[in-house]
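User: Hey, I'm new to this one. Can you walk me through it?
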Amino acid sequence: MLCQSCKKNQATTHIKNIVNGELTEMHLCSECAAKQGYSNVFDHMFDIGSFMSGFMGEPSFALATEKHCPNCGITFSQITKSGRVGCAKCYDVFYDRLIPSIKRIHGNTFHTGKRLRKPQLKSGENHTINAEVSQKSELERLSSELQNAVKNQEFEKAAQLRDKINALKSEQGGNQ
């Protein structure tokens, strides 16, 4: 295969980039790869900033007109390069650009926490505390599903979820 840049030499370097879910591939000869900064890939292999910038889906160069966080002064390009926000205000300032990356990395944009593991209770100990915690987390999960169903206009599913929530709430009321 010939180099896609010079179209003269044999391609020896194959580069795959995934930006915003779109795959692009380049096949370059060693000279063209070196000109484009791919001369020694192993120098950058363990650079966490480069790694995180791939998740952010943004180029690593900064534009002169780029927006800055009014609190810490960091730009989105700097966030993608380092993989870290400068301060809590950055989440508000760069919200639209951070959300897709956060969702892609974590699978969600809100914290769901961890479920408590059931402790090993000795015989005769009270099991009602575990049941209450379990019911609360189930209610939270069902409420979240209900909101999503309404948002997506899945009204039959929303009605079923509403009924489950009401049943759990009435069950809680009877246990207290």
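Analyst: Sure. A quick definition to start: helices here are DSSP runs of H or I with at least four residues, strands are E runs of at least two, and both are numbered from the N terminus. Also, keep in mind that this is a predicted model.

User: Okay, so how many helices and strands are there in the protein?
Analyst: The protein has 7 helices and 2 strands. Along the sequence the order is β-β-α-α-α-α-α-α-α.

User: How do strand 1 and strand 2 run?
Analyst: They're antiparallel, with 7 bridges joining strand 1 to strand 2, residues 22-28. One of the bridge pairings puts Asn-17 opposite Thr-24 in strand 2.

User: And what do strand 1 and strand 2 form?
Analyst: A hairpin, with 2 residues between the strands. Asn-20 sits in that turn, and its phi is positive, about 50 degrees.

User: Which residue other than glycine has a positive phi near 60 degrees?
Analyst: Lys-7 is one of them, with phi near 60 degrees. Lys-7 lies in the segment before strand 1, which covers 13-19. Gln-153 is also a non-glycine residue with a positive phi near 60 degrees. You'll find Gln-153 in the loop between helix 6 (128-151) and helix 7 (155-175).

User: Is Lys-7 buried or exposed?
Analyst: Exposed is anything over 50% relative accessibility. Lys-7 is at 57%, so it counts as exposed. Gln-153 is at 58%, so that residue counts as exposed too.

User: Switching topic: which residues are in the largest nonpolar core?
Analyst: There are 9 residues in it: Cys-69, Ile-74, Phe-76, Ile-79, Cys-87, Cys-90, Val-93, Phe-94 and Leu-98. Helix 3 (76-82) and helix 4 (89-93) each put in at least two of these core residues.

User: What is Cys-69 in contact with?
Analyst: Skipping neighbours within four places in sequence, Cys-69 is in contact with Ile-74, Cys-87, Lys-89, Cys-90, Val-93 and Phe-94. Another core, of 7 residues, lies apart from that largest one, and its members include Leu-139, Ala-158, Ile-165 and Leu-168.

User: How much of the protein is buried, then?
Analyst: Buried residues are 22% of the 176 residues. The protein exposes about 13600 Å², and carbon and sulfur atoms supply 52% of that area.

User: Last one: what share of the contacts join residues at least 24 apart?
Analyst: That's 32%, counting contacts between residues at least 6 apart in sequence.

Definitions and conventions: Residues are numbered from 1 along each chain as its sequence is written. This is a predicted model: local features need pLDDT of at least 70, side-chain atom pairs count only at pLDDT 80 or more; totals for chains, interfaces and linings use all residues. Side-chain values use heavy atoms; hydrogens and water are left out. Buried means under 20% relative accessible area, exposed over 50%, partly exposed in between (1.4 Å probe, protein chains only). Contact means heavy atoms within 4.5 Å. Accessible areas come from the Shrake-Rupley method with a 1.4 Å probe; for residues, only the protein chains shown count as cover. Two strands pair if DSSP finds at least two bridges between them. A nonpolar core is a set of buried Ala, Val, Leu, Ile, Met, Phe, Trp, Tyr and Cys residues joined through side-chain atoms within 4.5 Å.
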